[in-house]
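Please open the model in a viewer and keep the selection tool at hand. The tour below proceeds stop by stop, stating what to select and what is found there.

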Amino acid sequence: MDTSTWEQRKLGELMDVASVRRVHQEDWTDEGVRFLRARDLVSFAKNESIEDPLFISSEMYKEYSAQSGKVSVGDLLVTGVGTIGVPWLVTSDNPVYFKDGNIIWFKNRYSIDGGFFYHSFTASAIQNYINEAAGIGTVGTYTIETGKKTPIWLPSRQEQREIAAMMTHLDTLITLHQRMGPIFCFCAHGSRTNFASTLQG
């Protein structure tokens with residue numbers, strides 16, 4: 001792949017990098033609009049279910065998002081504490097809110113192809129930058145200001161779409177392989193269990 005024509009930019013030059021109005025713990029609810037923490041994004045990245053999802057009321061969401069704005073399809077939410085630099089691509093119009101200070105909001109608004117944006121964040125170039133910017137020997141944090149300075153290398157929009165499609169396909173194959181692995185292992189050890197019934201659970 002020829003990357004000589006790719007343009008290097010800082011994300012703060014391409015989009016707003018921000019957060020939201022703070023929601024206090026006493027305002028968390030058991031239903032309403034989904035409220036995300038950094039650890040929820042980590043769980044999404046690992047394809048793990050979240051046992052204790054949090055929510056805020058629809059009324060609070062309407063009030064607060066009127067001030068902070070609404071997360072939109074193509075935006076990227078990235079963990080800023082704990083396991084830093086873990087991205088989650090917004091792919092649905094379902095309303096969502098998140099914990100201020102824990103998650104950084106990249107208001108992409110289709111400045112970059114969403115899939116390409118997500119995969120760029122999982123690649124070594126941006127991950128290395130985040131780790132270096134967070135410092136060594138301290139509790140690492142990824143801040144809004146660091147987010148604005150984060151470099152990204154951009155091909156044409158068409159190439160962005162093609163690369164995103166390829167990477168998404170690879171992710172699907174990897175996930176399938178991870179799910180099939182235990183089944184292959186199980187069958188390889190002499191089990192006479194019908195393979196089709198094993199697949200169906």
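Axes here are lines fitted to C-alpha atoms, for helices over the stretch in contact, and angles run from 0 to 180 degrees between N-to-C directions. Helices (H or I, at least four residues) and strands (E, at least two) are DSSP runs, numbered from the N terminus. The model is predicted: local features need pLDDT of at least 70 and side-chain atom pairs count only at pLDDT 80 or more, while totals for chains, interfaces and linings use all residues. Residues are numbered from 1 along each chain as its sequence is written, and side-chain values use heavy atoms, with hydrogens and water left out.

**First stop: two helices**

Select α4 (114–122) and α5 (residues 124–134). Their axes lie 5 Å apart, and the helices pack at an angle of about 55 degrees. The two are therefore oblique to each other, a class for angles that are not under 35 degrees (roughly parallel), over 145 (roughly antiparallel) or 65 to 115 (roughly perpendicular). Show the side chains of S120, F121 and T122 on α4 and of S124, I126, Q127 and I130 on α5, which make the contact (heavy atoms within 4.5 Å). By class, this contact has three nonpolar, four polar and no charged residues. Nonpolar covers Ala, Val, Leu, Ile, Met, Phe, Trp, Tyr, Cys and Pro; charged covers Asp, Glu, Lys and Arg; the others, Gly among them, are polar.

**Second stop: the two sides of α5**

Keep α5 and colour I126, Q127, I130 and A134, the buried residues of this helix. Buried means under 20% relative accessible area, exposed over 50% and partly exposed in between (1.4 Å probe, protein chains only). The four cover an arc of only 100 degrees around the axis, which puts them on the same side of α5; the arc is that of the directions from the helix axis to the C-beta atoms. What covers them includes α4 and β9 (151–154). On the other side of α5, S124 and E132 are exposed. Just after the helix, G135 takes a positive phi of about 90 degrees.

**Third stop: charged pairs**

Side chains of opposite charge can pair when their charged atoms come close. The structure holds nine salt bridges, each a side-chain nitrogen of Lys or Arg within 4 Å of a carboxyl oxygen of Asp or Glu. Select R22 and D100, whose closest N and O atoms are 2.7 Å apart in one such bridge. R22 lies in the loop between β2 (16–18) and β3 (33–36) and D100 in the loop between β7 (96–98) and β8 (103–107), so the pair ties together parts that are 78 residues apart in sequence. R22 is partly exposed, at 48%.

Move next to helix α6 (residues 144–149), where K148 and E145 are three residues apart, about one helical turn. Their side chains meet in a salt bridge of 3.4 Å, N to O. K148 is partly exposed at 34%, and E145 is partly exposed at 45%. Elsewhere, salt bridges that share partners join R37, R39, D40 and D52 into one network.

**Last stop: a loop residue and an early segment**

Is N102, in the loop between β7 and β8, buried or exposed? N102 is buried, with a relative accessible area of 18%. Leaving aside neighbours within four places in sequence, N102 is in contact with A38, V78, T79, G80 and V81.

Finally, select S4, in the segment before β1 (7–10). S4 counts as exposed, at 59% relative accessibility. Add P155: S4 and P155 are 151 residues apart in sequence and 9.2 Å apart in space, C-alpha to C-alpha.
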